[in-house]
Amino acid sequence: MRILILGGTGEASTLVRSLAGRADLSVTLSLAGRTAAPKPEPVPTRIGGFGGIEGLADYLKADAIDCLIDATHPFAATMSHHAACAAALTAVPILAIRRSAWTREPGDLWIEVDRMDEAVAALGSAPRRVFLTIGRQEAGVFAAAPQHTYLARTVEPLGGILPVPHLTALEARGPFDVASEAALMRTSGIEILVSKNAGGAATYGKIAAARTLGIPVVMVRRPGKPDVPSVPDAAGALRWLEAGDHAGSSTLRAV
């Protein structure tokens with residue numbers, strides 16, 4: 001069975017490592033290429049886009065892919081849309097791994113918004129010390145609010161994407177625990193946190209730390225994703241593959 005996994009998440013890595021080395025499978029991992037030095041995985045890995053829906057459909061046909069697994073980031077809405085459309089065009093069974101979103105708990109001071117420009121506005125006009133944890137791609141939006149002092153944490157170097165007078169750039173890759181996140185926020189005098197609702201355990205430490213410290217969180221809601229069969233984790237995807245029945249959507253949703 002030939003499997004294409006659209007990755008970039010911990011779930012994708014876990015699934016790849018569970019499938020690697022099996023003689024009955026040919027697994028390819030595809031990464032968008034946004035990270036210069038991605039973690040090496042034990043299967044053939046391709047880097048870069050496919051050229052839209054038609055490009056991905058052509059790839060699925062040319063490589064005789066039997067199953068497509070969308071294990072992209074919860075905010076990778078465009079790629080998920082392309083995957084769903086390409087799978088429909090080629091009649092290739094598709095499964096999405098969609099981890100649960102974080103939910104508000106007692107003590108959380110969340111300001112929920114739908115877009116990044118709304119997150120900028122939610123900071124207010126008065127200068128504040130902001131912990132920015134939304135990744136490199138969209139950090140430049142916050143240049144519209146240069147009055148704030150930013151601590152911006154990204155995996156890749158921030159470069160000149162956020163031209164504000166008061167900026168500390170921090171490069172780090174999770175997971176991050178609650179204690180270290182709380183210590184970082186205290187040391188930096190953070191007054192408000194900006195986060196995407198990515199879900200998962202790897203970066204939840206900042207949310208729990210903000211709750212403990214009484215720090216408000218501007219939480220960007222997830223974008224909509226296509227209605228395709230889905231499971232919450234790599235274990236569910238593995239069960240789906242092992243079941244061998246990749247056609248009945250009602251069966252897939254129950255896995």
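In this predicted model, Ser188 is buried, with a relative accessible area of 18%. That value falls under the 20% limit for burial, and the residue is therefore classed as buried. Ser188 belongs to helix α5, which spans residues 178–188. A polar atom of the Ser188 side chain lies 2.9 Å from the backbone oxygen of Leu184. Once neighbours within four places in sequence are set aside, Ser188 is in contact with Arg129 and Leu151.

Leu170 offers a second case of accessibility. This residue is found in strand β9, residues 167–171. Its relative accessibility is 30%, and Leu170 therefore counts as partly exposed, the class between 20% and 50%. Not counting residues up to four places away in sequence, Leu170 touches Leu151, Ala152, Arg153, Thr154 and Leu184. Leu151 is thus listed among the contacts of Ser188 and among those of Leu170. From C-alpha to C-alpha, Leu170 and Arg239 are 38 Å apart in space, with a separation of 69 residues in sequence.

The two residues are set out below.

| Residue | Element | Relative accessible area | Class |
|---|---|---|---|
| Ser188 | helix α5 (residues 178–188) | 18% | buried |
| Leu170 | strand β9 (residues 167–171) | 30% | partly exposed |

Helix α6, residues 205–213, has Gly205, Lys206, Ile207, Ala208, Ala209 and Ala210 as its buried residues. The elements covering these residues include helix α5 and the strands β6 (110–113), β7 (129–133), β8 (149–154), β10 (192–196) and β11 (217–220). Just after α6, Gly214 adopts a positive phi of about 70°.

A further feature is the packing of two helices. Two packed helices are described by the angle between their axes and the distance between the axes. For helix α1 (residues 10–19) and helix α7 (residues 234–243), the axes come within 9 Å and cross at roughly 40°. An angle of roughly 40° lies outside the ranges for parallel (under 35 degrees), perpendicular (65 to 115) and antiparallel (over 145) arrangements, so α1 and α7 are oblique to each other. Their crossing is right-handed. On the α1 side, Glu11, Thr14, Leu15, Ser18 and Leu19 take part, and they meet Ala234, Ala237, Leu238 and Leu241 in α7. The residues of this contact divide into 6 nonpolar, 2 polar and 1 charged. An α-helix has 3.6 residues a turn, so residues three or four places apart point the same way.

Methods: Residues numbered from 1 in each chain as written. Predicted model: local features only at pLDDT ≥ 70, side-chain atom pairs only at ≥ 80, totals over all residues. Heavy atoms only, no water. Helix = DSSP H or I, 4+ residues; strand = E, 2+ residues; numbered from the N terminus. Buried < 20%, exposed > 50% of the residue type's maximum accessible area, 1.4 Å probe, protein only. Polar contact = N/O pair within 3.5 Å; in protein donor to acceptor, adjacent residues only side chain to side chain. Contact = heavy atoms within 4.5 Å. Axes fitted to C-alpha atoms, helices over the stretch in contact; angles between N-to-C directions. Left-handed = near helix turned anticlockwise from the far one by under 90°. Nonpolar A, V, L, I, M, F, W, Y, C, P; charged D, E, K, R; others polar.
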